[in-house]
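Me: Got a minute to go through this one with me? I'd like to talk about what holds it together.

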Amino acid sequence: MKRLAEKWHAFLEWQRKPYEVAPLSEVHHTCATCRTEYQGNYCPRCGQSSRIGRYSLKNAFLLFLDVWGLGNRGMFRTLRDLILRPGYMIRDYLSGMQMAYFPPFKLFFLLTALSVVIEGGFNLKGKNYFEESRTITNQALNDSMQDDVSVDPKAKAFQDAYKKYSIKYYDLSIRYPNISTLLILVVLSGILYIFFRRSPAIPDLRYSEFLVALVYITNMFSIYNIVFEFLCINMIMIAVSMLLSLIPLKQMSGFPWWKILLYAFIVYIIAAGFFGLIGIAYAIIEVVRT
């Protein structure tokens, strides 16, 4: 037990430790591209890495990753840190350590595209999550839209209009997952920012910085979600991954756990009420128009 405790404390220390850039190479190099002689890791004239020499499969693979934006700026380091030290990584990124990590919005679009592929059937069971979710949603709406003579006609029209809004919102979220998620993040970040703008770890946090932090947290959730959906693990584990999204808020802000849970609950209620009001407004407009 003592050894496990020591390893746990060492892991906590590693979590809090910022990324360290590799020291400059003291070996003198001649750039294979521009023939410039230099000392360091990159050519000061054309920027080519000192590790690139004669053609090899390893170099070809690294160049392939760079073309698709996966090999530069620490893609794999970013994925690792989003799993093991998400809040501290986000704090490092916001403090200016941006070359060490993959850009948040680019990573967001890449993970969203991969998630669409996984949910569309590229998983261990060939399961189409879109069709399954659409079937469940349509069945629930059809069951709730059965004729009820006891319901007032105006109330029934309002109810049908609100359900129409729900169906449209669901279809848009499936058709345009990137845009719909970003819109939700803009709303959530605006509400969360009220509580986190004066956090102990970052007392002068800006809204733009918090929006970036929330995008990174969404990326962390997407990583867990992609793994669970590829393995076809039930929705309980996906709900657990949503709870794990509170960890980066704790690490990034420095607030105690009770405040994190309280703020998350309050924001959930406010956000649910906000989107509910949008649905009510849509239903009222539809009823008036008809």
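**Charges, core and rings**

Reply: Sure. Let's start with E20: with a relative accessibility of 54%, E20 counts as exposed, because the cut-off for exposed is over 50%. One thing to keep in mind throughout is that this is a predicted model.

Me: Which residue does E20 form a salt bridge with?

Reply: The partner is K17, and the closest N and O atoms are 3.4 Å apart. K17 is partly exposed, at 45% relative accessible area.

Me: How many salt bridges are there in the count?

Reply: The count comes to 4.

Me: What about R85, buried or exposed?

Reply: R85 is buried, with a relative accessible area of 2%. It forms a salt bridge with D81, where the closest N and O atoms are 3.2 Å apart. D81 counts as buried too, at 1% relative accessibility.

Me: Which residues are joined with those two in a network?

Reply: Salt bridges with shared partners join R80, D81, R85 and D92 into one network. The R85 to D92 bridge has its closest N and O atoms 2.9 Å apart.

Me: Why can side chains like that pair at all?

Reply: In general, side chains of opposite charge can pair when their charged atoms come close.

Me: Where is D92 found, and what does D92 touch?

Reply: D92 is in helix α4, and at 9% relative accessibility D92 counts as buried. Leaving out residues up to four places away in sequence, D92 touches P18, Y19, R85, M97 and Y101.

Me: Y19 caught my eye. Which residue has its charged end over the ring of Y19?

Reply: That's R77, whose charged end sits over the Y19 ring, 4.0 Å from the ring centre.

Me: OK, switching to the core. How many residues has the largest nonpolar core?

Reply: The largest nonpolar core has 40 residues. The ones with the most contacts inside this core are I90, L94, F196, F210, Y216, L249 and M252.

Me: And which elements give two or more residues to this core?

Reply: Those are α3 (75–84), α4 (86–94), α5 (104–119), α8 (177–196), α9 (207–230), α11 (246–253) and α12 (257–289). The largest share comes from α9, with 12 residues.

Me: Pick M252 from that list. What does M252 touch?

Reply: Not counting residues up to four places away in sequence, M252 touches G87, I90, R91, L94, A201, I202, F210 and A213. Of those, I90, L94 and F210 also appear in the list of core residues with the most contacts.

Me: Now the aromatics. How many aromatic pairs does a search of the whole structure find?

Reply: The search finds 14 aromatic pairs. Take Y93 and Y216: the ring centres are 5.2 Å apart and the planes are at 80°, so this pair is edge-to-face.

Me: Which helices hold Y93 and Y216, and how many residues apart are they?

Reply: Y93 is in helix α4 and Y216 is in helix α9, 123 residues apart, so the pair links distant parts of the chain.

Me: Y93 and Y216, buried or exposed?

Reply: Y93 is buried, at 8% relative accessible area. Y216 counts as buried as well, at 0% relative accessibility.

Me: Which residues do ring pairs link into a cluster?

Reply: The cluster is made up of Y193, F195, F196, Y207, F210, F255 and Y263.

Me: Let's try L114 for a change. Where is the place of L114?

Reply: L114 is in helix α5 and is partly exposed, with a relative accessible area of 40%. The C-alpha atoms of L114 and I223 are separated by 9.7 Å, with the two positions 109 residues apart along the chain counted as their spacing.

Me: Last topic, the whole chain. How many helices and strands does the secondary structure come to?

Reply: There are 12 helices and 2 strands. Along the sequence the pattern reads α-β-β-α-α-α-α-α-α-α-α-α-α-α.

Me: What share of the residues of the chain count as buried, and what about the surface?

Reply: Of the 290 residues, 33% count as buried. The accessible surface comes to about 18400 Å², and 65% of this area belongs to carbon and sulfur atoms.

Me: And what share of the contacts join residues at least 24 apart?

Reply: Among contacts between residues at least 6 apart in sequence, 61% join residues at least 24 apart.

How values were computed: Residues numbered from 1 in each chain as written. Predicted model: local features only at pLDDT ≥ 70, side-chain atom pairs only at ≥ 80, totals over all residues. Heavy atoms only, no water. Core = buried A, V, L, I, M, F, W, Y, C linked by side-chain atoms within 4.5 Å. Buried < 20%, exposed > 50% of the residue type's maximum accessible area, 1.4 Å probe, protein only. Helix = DSSP H or I, 4+ residues; strand = E, 2+ residues; numbered from the N terminus. Contact = heavy atoms within 4.5 Å. Phe/Tyr/Trp six-rings, centres within 6.5 Å; stacked < 30°, edge-to-face > 60°. Lys NZ or Arg CZ within 6 Å of the ring centre and 35° of its normal. Areas by Shrake-Rupley, 256 points an atom, 1.4 Å probe, with all protein chains shown as cover. Salt bridge = Lys/Arg side-chain N within 4 Å of Asp/Glu carboxyl O.
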